[in-house]
Amino acid sequence: MDTPGFITPPPGLVPPRHDTGTQTERVTPQRSPLPAFNPPPPANPSPAPAPTTAAFAALAAAWLAVLPTGERVPIGDALLIGRNPVRFDAWQRAGLLPIDDPARSVSKTHAVLESAGAGIRVTDLHSTNGVSLVDAAGSVSGVAPGVPTPVPTGTAVLLGTYRVQLVPA
């Protein structure tokens, strides 16, 4: 009997075999156990305690990002800014600030604002249109991509052409 997809050889082409039975048996192969992976212990066996709600609130209120719309957004530890920002690498716990930029000069995840002691710093996340600082006198200076740059009090941050004023709370 022919099975679809199987070609039966003509008689006499394949010699008969007498060493096989007509029964099919299922054989379960013997498997050795896989090695277990044990991650190394943490470098600091006693992690730092999580900040209290009051401490976090005090830190969150230290600096504000003032948008062109007048909206005031607390920066906290870190704040990723862009058209549709996403967390990554060192900023897994950062806040996200999606902004509406009609000029479309802001990248998806353009920059990060971070608290740095009593101050604030900005890092250009290799955006298309860059980050610049504008001081009170109107002087503009560029920020090197990937380099955390301190932002003096009273200085505005340009994300492409989108202006964000940073003020202490």
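## One salt bridge and the strands around it

Searching the whole structure turns up one salt bridge, the term meaning a side-chain nitrogen of Lys or Arg within 4 Å of a carboxyl oxygen of Asp or Glu. Keep in mind that this is a predicted model, where local features need pLDDT of at least 70 and side-chain atom pairs count only at pLDDT 80 or more, while totals for chains, interfaces and linings use all residues. Residues are numbered from 1 along each chain as its sequence is written, and side-chain values use heavy atoms, with hydrogens and water left out.

The partners in that salt bridge are Arg121 and Glu114, with their closest N and O atoms 3.3 Å apart. In general, side chains of opposite charge can pair when their charged atoms come close. Here the backbone lines up too: Glu114 stands opposite Arg121 in strand 6. Glu114 is buried at 11% relative accessibility, and Arg121 is partly exposed at 30%. For those labels, buried means under 20% relative accessible area, exposed means over 50%, and partly exposed is in between (1.4 Å probe, protein chains only).

**Strand 5 and its partners**

Some bookkeeping on strands: they are DSSP runs of E with at least two residues, numbered from the N terminus, and two of them pair if DSSP finds at least two bridges between them. Strand 5 covers residues 111-116, and five of its six residues are buried, so the rest of the structure largely encloses it. It pairs with strand 6 (residues 119-124) in the antiparallel sense over six bridges. The hairpin of strand 5 and strand 6 has two residues between the strands, and Gly117 takes a positive phi near 65 degrees there. Strand 3 (residues 78-82) also runs antiparallel to strand 5, joined by four bridges. In that pairing, Leu80 stands opposite Val112 in strand 5.

**The open sheet**

What is the strand order in the open sheet of six strands? It reads 2-1-11-10-7-8, with antiparallel pairing. Strand 2 (72-74) and strand 8 (140-143) are the edge strands, each pairing on one side only. Neighbouring strands here are turned by 30 degrees against each other on average, direction ignored; the axes behind that angle are lines fitted to C-alpha atoms. Within the sheet's order, strand 10 (residues 156-159) and strand 11 (residues 162-168) run antiparallel and are joined by four bridges. Leu159 has Tyr162 in strand 11 as its bridge partner.

**Nonpolar cores**

A nonpolar core is a set of buried Ala, Val, Leu, Ile, Met, Phe, Trp, Tyr and Cys residues joined through side-chain atoms within 4.5 Å. The largest one holds 23 residues, and Ile75, Ile99, Val122, Val157, Leu159 and Leu166 touch the most other members. Two or more residues each come from strand 1 (63-66), strand 3, strand 5, strand 6, strand 7 (131-134), strand 10 and strand 11. Strand 11 gives the largest share, three residues. Take Ile99: leaving aside neighbours within four places in sequence, it is in contact (heavy atoms within 4.5 Å) with Leu67, Ile81, Gly82, Arg83, Val106, Leu159 and Tyr162. Apart from this core lies another, of six residues, among them Ala78, Leu80, Trp91 and Leu125.

Trp91 also turns up in an aromatic pair. The rule is that rings of Phe, Tyr and Trp (its six-membered ring) pair if their centres lie within 6.5 Å, with planes under 30 degrees apart counted as stacked, over 60 as edge-to-face and the rest as tilted. One pair passes. Phe88 and Trp91 are edge-to-face, 5.5 Å centre to centre with 70 degrees between the planes. Phe88 is partly exposed at 28% relative accessibility, whereas Trp91 is buried at 14%.

**Loop residues**

Arg104 and His126 each deserve a look in the backbone plot: Arg104 has a positive phi of about 55 degrees without being a glycine, and His126 likewise has a positive phi of about 55 degrees and is not a glycine. Here they are with Pro152, by loop and accessibility.

| Residue | Loop between | Relative accessibility |
|---|---|---|
| Arg104 | strand 4 (95-98) and strand 5 | 57%, exposed |
| His126 | strand 6 and strand 7 | 62%, exposed |
| Pro152 | strand 9 (149-151) and strand 10 | 48%, partly exposed |

Pro152 and Ile120 are 32 residues apart along the chain, and their C-alpha atoms are separated by 7.8 Å.

Definitions and conventions. Axes fitted to C-alpha atoms, helices over the stretch in contact; angles between N-to-C directions.
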